[in-house]
Amino acid sequence: MTTIVRRAKEQNKKIVVAGCVPQADRKIRELEDISIVGVTQIDRILEVVEETLNGNVVKLLAKKELPSLDLPKIRRNKLVEIIPISTGCLGACTYCKTKHARGHLGSYEPGVIVGRVQ
């Protein structure tokens with residue numbers, strides 16, 4: 001990841017990084033002056049991109065409850081839908097940042113999942 005970020009900086013590109021690694025490891029030097037979206041803030045990605053394009057650096061790393069299942073999606077196949085039923089992790093693997101980034105396991109209410117399927 002740091003190589004890609006470094007290359008983008010060298011080309012003076014606007015950068016937004018999202019996901020488990022920046023959420024769990026906030027001390028990565030290459031991420032100090034770029035926008036970051038944590039795993040539970042992904043519903044605010046449009047806001048972060050717009051602010052970054054306007055020259056601002058945004059860091060949304062606070063952990064929230066489960067992200068909404070109603071986020072817009074681009075589907076390449078109208079017959080396929082991927083619906084998460086939980087987020088987080090029960091394990092404590094020393095090599096993985098998922099638990100540090102996403103926290104303990106959290107499950108969506110069955111009615112919300114059924115609503116998304118319908």
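In this predicted model, Arg 6 has a relative accessibility of 39%. That value lies between the cut-offs of 20% and 50%, so Arg 6 counts as partly exposed. The side chain of Arg 6 meets that of Glu 30 in a salt bridge. The N to O distance is 3.6 Å. Glu 30 has a relative accessibility of 18%. Buried means under 20%, so Glu 30 counts as buried. The bridge therefore pairs a partly exposed arginine with a buried glutamate. Arg 6 belongs to helix α1, which spans residues 2–10. Glu 30 sits in the loop between α2 (20–24) and β2. The two residues are 24 residues apart, and the pair links distant parts of the chain.

Side chains of opposite charge can pair when their charged atoms come close. The structure holds three salt bridges. Another of them joins Asp 33 and Lys 9, with 2.8 Å from N to O. This pair, too, links distant parts of the chain. Asp 33 lies in the loop between α2 and β2, while Lys 9 lies in helix α1. Again the separation is 24 residues. Lys 9 has a relative accessible area of 28% and is partly exposed. Helix α1 thus supplies Arg 6 to one bridge and Lys 9 to another. The loop between α2 and β2 supplies Glu 30 and Asp 33.

A further salt bridge forms between Glu 47 and Arg 44. Their closest N and O atoms are 2.9 Å apart. Glu 47 has a relative accessible area of 36%, so this residue is partly exposed. Arg 44 is at 31% and also counts as partly exposed.

The strands come next. Three of them form an open sheet in the order β1-β2-β3. The pairing is parallel. Strands β1 (16–18) and β3 (59–60) are the edge strands, and each pairs on one side only. Strand β2 covers residues 35–37. Three bridges join β1 to β2. Within this pairing, Ala 18 has Val 37 in β2 as its bridge partner.

Beyond β2, Gln 41 is placed in the loop between β2 and α3 (45–53). Is Gln 41 buried or exposed? Its relative accessible area is 4%, under the 20% cut-off, so Gln 41 is buried. A polar atom of the Gln 41 side chain lies 2.8 Å from the backbone oxygen of Ala 62.

The second largest pocket has a volume of about 180 Å³. Its lining includes Lys 9, Asn 12, Asp 33 and Ser 35. Lys 13, Lys 14 and Ile 15 are also among the lining residues, as are Thr 52, Gly 55, Asn 56 and Val 57. By class, the lining has three nonpolar, five polar and four charged residues. Both partners of one salt bridge, Asp 33 and Lys 9, are found in this lining.

Asn 12, another lining residue of the pocket, is placed in the loop between α1 and β1. Asn 12 has a positive phi of about 55°, although it is not a glycine. Its relative accessible area is 71%. Exposed means over 50%, so Asn 12 is exposed.

Conventions
Residues numbered from 1 in each chain as written. Predicted model: local features only at pLDDT ≥ 70, side-chain atom pairs only at ≥ 80, totals over all residues. Heavy atoms only, no water. Pairing = 2+ DSSP bridges. Helix = DSSP H or I, 4+ residues; strand = E, 2+ residues; numbered from the N terminus. 1 Å grid on protein atoms, 1.4 Å probe; cavity = no way out; pocket = protein on both sides within 12 Å on 5 of 7 lines; lining within 4 Å. Points joined across faces, edges and corners; volume = space filled by probe spheres on them. Nonpolar A, V, L, I, M, F, W, Y, C, P; charged D, E, K, R; others polar. Salt bridge = Lys/Arg side-chain N within 4 Å of Asp/Glu carboxyl O. Buried < 20%, exposed > 50% of the residue type's maximum accessible area, 1.4 Å probe, protein only. Polar contact = N/O pair within 3.5 Å; in protein donor to acceptor, adjacent residues only side chain to side chain.
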